[in-house]
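Work through the exercises below with the structure open beside you. Try each task before reading its solution.

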Amino acid sequence: MKLQGKVTLITGSGSGIGRSAALLFGREGAYVVVNDLDAAKGEATVAEIQAGGGRAVFIQADVTHPESVQQMTAHALEQCGRIDVLFNNAGISGVGVLHEIELEQWDRVMNVNIRGVFLPSKYVIPHMIEQKNGSIINMSSCIAEIGLANRASYAATKGAVLALTKSMQVDYAPYGIRVNALLPGTILTPFVENYLKNAYDDPEAALASIKGRQLSNDLGSPEDVAQAALFLASDDSKFMMGSPLYIDGGVVFG
Ligand code: NAD
C-alpha cells in the first residue's frame, strides 16, 4: 500500500476527480480527509471509503473562505494528528469570451480556482514545515499550456496555479515539501457534463469534437487522474519537484 500511515486532505472530493482520488487513496491505506462544499456528496465519498475498509472523515468547508479553511485544517489535525498530503483539487468552470464575462463571474472563478489553492496551502504548510515533510498537489489543467475557445477566466486561473506551484516549490523545498501540479485534459466528470450542457447548443457534437482533438481519440476518466495524483502523493515521486504532470490523452503534445 503506497499511502499506509499517511493522512491526505483532498478538497472538492465529493465528486469527479477528487472523489476518485479519495477512494484510491483510501484503498492505498491513507486516512482520507474528504472536503467539499456539498455535504451529501462528501459524506457519500466517506461512506464508500469506509465500506471498502478504509479510514475517512468528511469536513465541510468552502475553500474560498479563510475561517472555513482554518477550521477545516484545525479539525483535520485534531482528528488525524497530521497532514502528509494536501491535494488542492476543488475547482469550477468558467465559460465565455473575455469582454462578455461579468465581473462577478470572473471573481467567482478566480476565488475558487486560485484563492481555493492559496488558503488550504496557507494553513496546512506550517504543519508540513514542522513535520519537515509533505506533498502538495495543485490542480492545474492542460488549458494552462494551450489556447481553447471560450474559456478565458478558467484558463487564467489554471495558468496561475501552475506558476504558483513552481514558486511554492522553490520556497518550501528546504522544508522537505514537494509541490507538483496535475494538468489533465478533458476528463468525463459532472464538471465537463455541465460545461457541455451550458456552453453548447449540441453537447453531443461538442463532445465528439473534443474527442477528435485528443491523440487518444477519447476522453480521460477520473481514475486516470487519480492514479497520477497517487503517484505525486506517494514517495514513488520523491524526485519530482515543481513539475507539471500531464494526463491529457496527448492533447498538449499533439
Ligand atoms: P467536479 O465538479 O466533478 O468536482 C468538483 C468538486 O469541487 C465538487 O464536488 C464541488 O462541490 C467542489 N467544490 C466547488 N467549489 C468548492 C468550494 N468553494 N469549496 C469546496 N469544494 C468546492 O469537477 P472535476 O471535473 O472533478 O474537477 C476537479 C478539478 O479538476 C477542478 O479543479 C477542475 O478545474 C480540474 N480539471 C478538471 C478537468 C476535467 O476535464 N474534468 C480537466 C482539467 C482540470
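**Exercise 1. Confidence and a loop residue**

Lysine 132 is found in the loop between α4 and β5 (134-139). State how confident the prediction is, then decide whether lysine 132 is buried or exposed.

Solution. Start with the model as a whole. It is a predicted model, with a mean pLDDT of 97 for the chain, and 100% of the residues reach 70 or more. The scores are ipTM 0.99 and pTM 0.98.

Next, count the neighbours of lysine 132: there are 10 other C-beta atoms within 10 Å. The cut-off for exposed is 12 or fewer, so lysine 132 is exposed.

Last, look at the backbone. Most residues other than glycine have a negative phi. Lysine 132 has a positive value, near 60°.

**Exercise 2. A second loop residue**

Find asparagine 150 in the loop between β5 and α5 (152-172). What is its phi near, and how does asparagine 150 count in terms of exposure?

Solution. Phi of asparagine 150 is near 75°, a positive value in a residue other than glycine. For exposure, count again: asparagine 150 has 15 C-beta neighbours inside 10 Å. A residue needs 20 or more to be buried and 12 or fewer to be exposed, so asparagine 150 counts as partly exposed.

**Exercise 3. A strand residue**

Locate leucine 183 in strand β6 (residues 177-184). Is leucine 183 buried or exposed, and which residues does it touch, leaving out those up to four places away in sequence?

Solution. Leucine 183 has 25 other C-beta atoms within 10 Å. The cut-off for buried is 20 or more, so leucine 183 is buried.

Leaving out residues up to four places away in sequence, leucine 183 touches Ser140, Ser141, Cys142, Ala144, Glu145, Pro244, Leu245, Tyr246 and Asp248.

Now check a pair separated in sequence. Lysine 158 and leucine 183 are 25 residues apart along the chain, and their C-alpha atoms are 8.8 Å apart in space.

**Exercise 4. Helix α1 and its partners**

Helix α1 (residues 16-27) packs with helix α2 (residues 39-51), and its axis also comes within 8 Å of that of helix α8 (residues 222-233). Describe how α1 is oriented to α2 and to α8.

Solution. Take α2 as the first partner. The angle is about 25°, with the axes 9 Å apart. Angles under 35 degrees count as roughly parallel, so α1 and α2 are roughly parallel to each other. The crossing is right-handed. In the contact, Arg19, Ala22, Leu23 and Gly26 of α1 meet Thr45, Glu48 and Ile49 of α2.

Turn to α8. The axes of α1 and α8 cross at roughly 55°, and the two helices are therefore oblique to each other. This crossing is right-handed too. Among the residues that make the contact are Ala21 and Phe25 of α1 and Ala229 and Ala233 of α8.

**Exercise 5. The nonpolar core**

How many residues does the largest nonpolar core have, and which of them have the most contacts inside it?

Solution. The largest nonpolar core has 62 residues. Those with the most contacts inside it are Ala21, Ala22, Phe25, Val32, Phe87, Ala229 and Ala233. Helix α4 (residues 103-131) gives the most to this core, with 8 residues.

To finish, follow one core residue. Not counting residues up to four places away in sequence, alanine 229 touches Ala21, Phe87, Ile137 and Leu182.

Note on methods: Residues numbered from 1 in each chain as written. Predicted model: local features only at pLDDT ≥ 70, side-chain atom pairs only at ≥ 80, totals over all residues. pLDDT = per-residue confidence, 0-100. Core = buried A, V, L, I, M, F, W, Y, C linked by C-beta atoms within 7 Å. Helix = DSSP H or I, 4+ residues; strand = E, 2+ residues; numbered from the N terminus. Contact = placed C-beta atoms within 7 Å. Axes fitted to C-alpha atoms, helices over the stretch in contact; angles between N-to-C directions. Parallel < 35°, antiparallel > 145°, perpendicular 65-115°, else oblique. Left-handed = near helix turned anticlockwise from the far one by under 90°.
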